[in-house]
Amino acid sequence: MTTLLYTHPDCLQHDTGFGHPECSARLTAILNVLKTSPFAALEWRDAPLAADEQLTRIHSPAHVERVFARIPRHGHYAIDGDTIVSPQSGEAARRAAGAVCAAVDAILNGEANNAFCAIRPPGHHAEPHQAMGFCLFNNAAIGAAHARLVGGLERVAVIDFDVHHGNGTQAAFEHNPGYLYISTHQAHIYPGTGRRDECGVGNIVNIPLIANSGAADLRHVWQQDIEPALRQFQPQLILISAGFDAHYLDPLAELNFNEDDYAWLTRQILAVAQDCCEGQVVSILEGGYNLPALAASVAAHVKALMEAHRAAQRSLIKGILERQKAKRNA
């Protein structure tokens with residue numbers, strides 16, 4: 001077993017127009033770095049197309065129909081000022097959601113401990129009835145619903161470290177205690193949600209950070225807010241909405257994380273996952289708009305996923321050897 005990587009060329013064909021920050025070059029930069037020798041052990045898998053049945057576990061049928069009705073035959077169509085679609089956007093959006101559902105299936109079936117979904121369009125702003133913020137369908141929420149309704153899990157957590165609050169994921173989860181949503185994000189920027197007093201039914205943990213917050217702030221909120229909430233919830237699967245736009249070089253916000261911070265946070269999440277759910281984690285690409293910073297941050301994140309897998313393998317082998325030794329000495 002190894003870390004799985006789900007992606008598909010269709011995700012590169014989602015054309016948002018000249019100058020749009022959520023462009024195919026983002027995914028190209030990520031895939032180029034993941035093709036280098038340090039990541040040779042990744043198992044690449046094609047993302048399947050999500051079925052309507054999977055999309056409508058989170059989104060209304062009217063929303064799904066409306067999104068596909070707006071896909072143009074030629075050129076571009078603006079769903080809103082930020083959310084642009086082109087002729088191949090529908091297939092890309094199905095691949096993005098399908099990747100997460102396939103990754104969830106693979107992890108729950110024991111094919112790997114963790115997976116990274118290198119997909120676009122992103123998803124965490126898409127609400128049950130509305131596309132917005134570059135997002136058509138909420139990939140992480142769809143994957144979480146798939147884990148509960150198909151995988152039979154009772155408790156699924158989504159941790160979102162994108163610099164923008166995942167209003168769509170919160171809207172999908174806030175009335176259902178089977179989900180836990182934890183978000184770190186910059187305060188007072190798009191989409192304007194994510195206050196600490198937005199708690200759902202006790203299953204929403206929002207951690208707004210003031211501009212220029214950095215490594216020390218991240219470590220503080222991990223110890224004070226994130227880890228305690230996770231351990232209290234005892235998730236059976238953790239999904240990560242992995243946005244890398246809190247990087248200090250990113251043009252769309254003003255937090256001061258770097259790739260070492262993303263590696264550290266990933267390791268902390270994986271350590272809790274090891275205790276709560278046998279290390280089962282699915283990570284899903286969200287934002288990140290400075291290409292070199294995005295590629296370096298994803299590399300650090302995926303390296304941490306791969307290291308956790310190798311550590312789990314070593315622990316498994318050690319346990320087998322110890323049991324064999326005890327048997328011989330009995």
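**Cysteines and the open sheet**

Searching the whole of this structure, a predicted model, turns up zero disulfides. A disulfide would be a covalent bond joining the sulfur atoms of two cysteines. The cut-off applied here places the two sulfur atoms within 2.5 Å. For Cys23, the closest cysteine sulfur belongs to Cys11 and lies 14 Å away, so the separation is too far for a bond. Cys101 is likewise in no disulfide: the sulfur of Cys117 is the nearest to it, at 9.3 Å. What of their surroundings? With a relative accessible area of 24%, Cys23 is partly exposed. Cys101, at a relative accessible area of 1%, is buried.

The sheet comes next. Strands of a sheet are held in pairs by backbone hydrogen bonds, and the pairing may be parallel or antiparallel. Here eight strands make up an open sheet, and their pairing is parallel. Read across the sheet, the order is β2-β1-β5-β10-β9-β6-β7-β8. At the edges stand β2 (43–46) and β8 (204–209), each of which pairs on one side only. From one strand to the next, the twist averages 15°.

At the β8 edge, the partner strand is β7, covering residues 179–186. Six bridges link β7 and β8 in the parallel sense. Within this part of the sheet, Gln186 is placed opposite Leu209 of β8.

Helix α8, made of residues 259–277, packs on the sheet. The strands that α8 touches are β5 (114–117), β6 (156–160), β9 (237–242) and β10 (281–285). Relative to the direction of β9, that of α8 makes an angle of about 160°.

How values were computed: Residues are numbered from 1 along each chain as its sequence is written. This is a predicted model: local features need pLDDT of at least 70, side-chain atom pairs count only at pLDDT 80 or more; totals for chains, interfaces and linings use all residues. Side-chain values use heavy atoms; hydrogens and water are left out. Two strands pair if DSSP finds at least two bridges between them. Helices (H or I, at least four residues) and strands (E, at least two) are DSSP runs, numbered from the N terminus. Axes are lines fitted to C-alpha atoms, for helices over the stretch in contact, and angles run from 0 to 180 degrees between N-to-C directions. Contact means heavy atoms within 4.5 Å. Buried means under 20% relative accessible area, exposed over 50%, partly exposed in between (1.4 Å probe, protein chains only).
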